[in-house]
Amino acid sequence: MKFFEIKKQSKKSKARVGIIHTAHGDIHTPAFVPVATKGTLKTIPPREFQEIGVQVAFVNTFHLVSHPGANVIQKFGGIHAYAKLGIPLMSDSAGFQVFSLGGRKPFDSAQGDSQKRIKTHEGEEVPVKKISEEGVLFRAPRDGKEILFTPELSIKYQQQIGADLIMAFDECIYHGADYEYTKQATERTHRWLERCIKAKGSPSTLPRQARDRSGLQQFLYGIVQGGVFKDLREESAKFIGEQKVDGVAIGGVAVGETKKEIREQLRWVAPYLPEDKPVHLLGIGQSDDILDAVRYGVDTFDCVEPTRLARNGVVYTKRGRTFGRIDLNRRTYLANKNPIQKNCGCYACRNFSLSFIHHLFKERELLGHYLATWHNLYSFAEFFRNLREQIAAGKI
RNA sequence: GCGUGGAUGGCAGAGCGGUCAAUUGCAUGUGGCUGUAAACCACACGCCUUCGGGCUACGGGGGUUCGAAUCCCUCUCCACGCA
């Protein structure tokens with residue numbers, strides 16, 4: 001069976017409706033990939049995925065290696081069995097942690113002042129100890145243990161974890177990096193991709209041991225970098241597209257740029273994306289961004305936003321084609337009899353008032369996190385279902 | 001009635017002569033969260049302000065002192081103990 005199947009290609013844009021076939025089921029694209037970093041989609045039991053409309057989830061190699069360890073997961077037959085995640089899974093390579101744990105988040109133009117340094121903990125040791133041609137040496141925040149990631153190790157760990165779709169080991173470049181650094185890092189990511197491909201073996205297959213154990217096939221995505229520089233983005237997209245990868249991911253996006261800059265980067269990259277391979281946009285996220293990205297040919301999106309916001313008390317409302325937000329912690333909802341969203345079919349809205357959910361948040365009751373997460377994920381599922389319908393109908 | 005201990009900002013509760021408009025937590029408000037070190041973070045939270053500062057405040061009143069939320073007297077109220 002073909003890995004990626006395009007069912008309908010838009011004539012208006014690069015948008016398409018398709019299916020990604022994996023050993024753990026099909027993913028109807030465009031699809032949202034909620035983030036289950038540590039093997040759990042925080043607050044949601046796996047058996048409810050289907051009811052919510054969660055088709056696929058995203059786990060993180062760095063965090064799973066940090067605990068419980070890739071070898072432990074392998075002993076249980078892979079992350080699907082270990083965490084009872086009966087759906088297709090993607091795993092991240094740890095490349096994002098080079099950014100998120102790197103302590104180098106210097107510029108944030110989205111906040112206005114592009115010269116303003118974001119506060120990092122003064123004097124504290126940064127978890128990313130060293131980046132070299134060989135790989136990246138981390139100090140795990142959870143216990144201070146040193147963890148080395150190289151392209152070969154990242155692939156090995158991802159094979160042990162056993163997600164269906166895996167990411168090449170890259171460097172997610174911090175926003176504010178200059179041209180020279182971005183160029184060096186992007187080229188290094190390219191060399192790392194070649195090492196990932198070599199380490200993985202023949203395309204679309206696992207090493208014998210892992211394959212025998214789980215019967216899985218794994219598909220590798222290469223990751224486009226290039227930062228905020230047009231020529232580097234184009235060059236990177238071209239390079240990644242030419243490699244023997246199963247899919248292409250766009251990385252290094254939404255690390256502090258404005259929404260306008262994010263779109264720019266997509267526009268630069270889009271012409272060079274291979275049309276027969278699924279395209280993943282790493283870390284995006286917000287409904288308006290998704291709506292635009294789909295037009296550039298993006299098929300899947302992972303983002304922590306719906307689940308993190310939910311835990312912080314923020315839930316989505318429908319506002320035109322995109323989402324508005326409600327902050328459940330506000331006292332104004334104390335006695336509000338309405339659901340989060342009228343006519344919403346989710347478990348939270350069908351059963352509970354804003355008042356009660358507000359009460360749960362103010363009392364720090366865990367059910368509040370569960371209901372808010374349920375609602376946000378359901379909203380995303382609906383949003384993407386609608387997106388697929390619109391593309392199929394030729395409207396996007 | 002006697003004795004003892006209390007009364008502090010929306011609440012709880014520190015402070016016990018100057019560095020106190022007053023620690024801290026909660027509540028409240030505002031902003032933030034886009035490949036998860038995030039059930040999190042930042043800021044504000046007496047009134048006024050030309051942002052330098054000014055004014056009114058630690059139950060009421062009076063006193064001591066250069067200076068009192070802090071010490072003394074007294075009144076009111078609360079808690080506990082004894083009658």
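Q: Which helix lies across β11 and β12 in this predicted model, and at about what angle does the helix run to β11?
A: The structure is a predicted model. Two strands, β11 and β12 (247-250), are crossed by one helix, made of residues 230-242. The helix is α9, and its angle to β11 is about 165°.

Q: In what order do the 8 strands of the parallel sheet stand?
A: The sheet is open, and its pairing is parallel. β4 (31-34) and β5 stand at the edges with a single partner strand each, so one side of each has no neighbour in the sheet. On average, neighbouring strands are turned by 25° against each other, direction ignored. The order is β4-β14-β13-β12-β11-β10-β6-β5.

Q: Which residue of β11 stands opposite M167?
A: Strand β10 covers residues 165-167 and strand β11 covers residues 219-224. They pair in the parallel sense over 3 bridges. Opposite M167 stands Y221.

Q: Which strands stand at the edges of the sheet β7-β8-β9?
A: This open sheet has 3 strands, and the pairing is antiparallel. An edge strand here has a single partner, so one of its sides is left without a neighbour in the sheet. The twist from one strand to the next averages 15°. The edge strands are β7 (128-131) and β9.

Q: What is the bridge partner of V136 in β9?
A: β8 and β9 pair over 4 bridges. The sense is antiparallel. V136 has as its bridge partner F149.

Q: Is A140 buried, exposed or partly exposed?
A: A140 sits in the loop between β8 (136-139) and β9 (146-149). Leaving aside neighbours within four places in sequence, A140 is in contact with S66, K145 and I147. A residue counts as buried at 20 or more other C-beta atoms within 10 Å, and as exposed at 12 or fewer. A140 has 17, so A140 is partly exposed.

Q: How far apart in space are A140 and P127, C-alpha to C-alpha?
A: In sequence, A140 and P127 are 13 residues apart. In space, C-alpha to C-alpha, the separation is 6.3 Å.

Q: How many residues are in the hairpin that joins β2 to β3?
A: Strand β2 spans residues 16-22, and strand β3 spans residues 25-29. The two pair in the antiparallel sense over 5 bridges. G18 stands opposite T29 in β3. The hairpin joins β2 to β3 through 2 residues.

Q: Where is P30 found, given that the peptide bond from T29 to P30 is cis?
A: The T29 to P30 bond has omega near 0°. P30 is found in the loop between β3 and β4.

Q: What is omega near for the cis peptide bond from H67 to P68?
A: P68 is in the loop between α2 (61-66) and α3 (70-75). The bond from H67 to P68 is cis, with omega near 5°.

Q: Why is helix α6 largely enclosed by the rest of the structure?
A: α6 covers residues 151-161. Its buried residues include P151, L153, Y157 and I161. After α6 comes G162, with a positive phi near 85°. α6 is largely enclosed because, of its 11 residues, the number buried is 9.

Q: Is A94 buried or exposed?
A: A94 is found in the loop between β6 (89-92) and α5. Its phi is positive, near 95°, in a residue other than glycine. A94 has 28 other C-beta atoms within 10 Å, so A94 is buried.

Q: Is R364 buried or exposed?
A: R364 lies in the loop between α14 (354-362) and α15. R364 is not a glycine, yet its phi is positive, near 55°. With 8 C-beta neighbours inside 10 Å, R364 is exposed.

Q: Which residues are the closest to RNA strand B?
A: The strand is surrounded by 46 residues. By class, this surface has 18 nonpolar, 15 polar and 13 charged residues. Among the elements that each supply at least two residues are β5 (57-60), α12 (305-311) and α15 (366-392). The closest residues are P141, C172, G283, G285 and V304.

Q: Over which residues near 106-123 and beyond does pLDDT fall below 50?
A: Chain A averages a pLDDT of 91. The model has 22 contacts beyond four places in sequence for residues 106-123, where pLDDT stays under 50. Another stretch below 50 has 16 contacts beyond near neighbours in sequence. That stretch is residues 206-214.

Conventions: Residues are numbered from 1 along each chain as its sequence is written. Chains are lettered from A and ligands numbered from 1 in the order in which they are written. This is a predicted model: local features need pLDDT of at least 70, side-chain atom pairs count only at pLDDT 80 or more; totals for chains, interfaces and linings use all residues. Two residues are in contact if their C-beta atoms, placed from the backbone, lie within 7 Å. pLDDT is the predictor's confidence in each residue, from 0 to 100. Two strands pair if DSSP finds at least two bridges between them. Axes are lines fitted to C-alpha atoms, for helices over the stretch in contact, and angles run from 0 to 180 degrees between N-to-C directions. A residue is near a molecule or strand if its C-beta atom, placed from the backbone, lies within 6 Å of it. Ala, Val, Leu, Ile, Met, Phe, Trp, Tyr, Cys and Pro count as nonpolar, Asp, Glu, Lys and Arg as charged, and the others, Gly among them, as polar.
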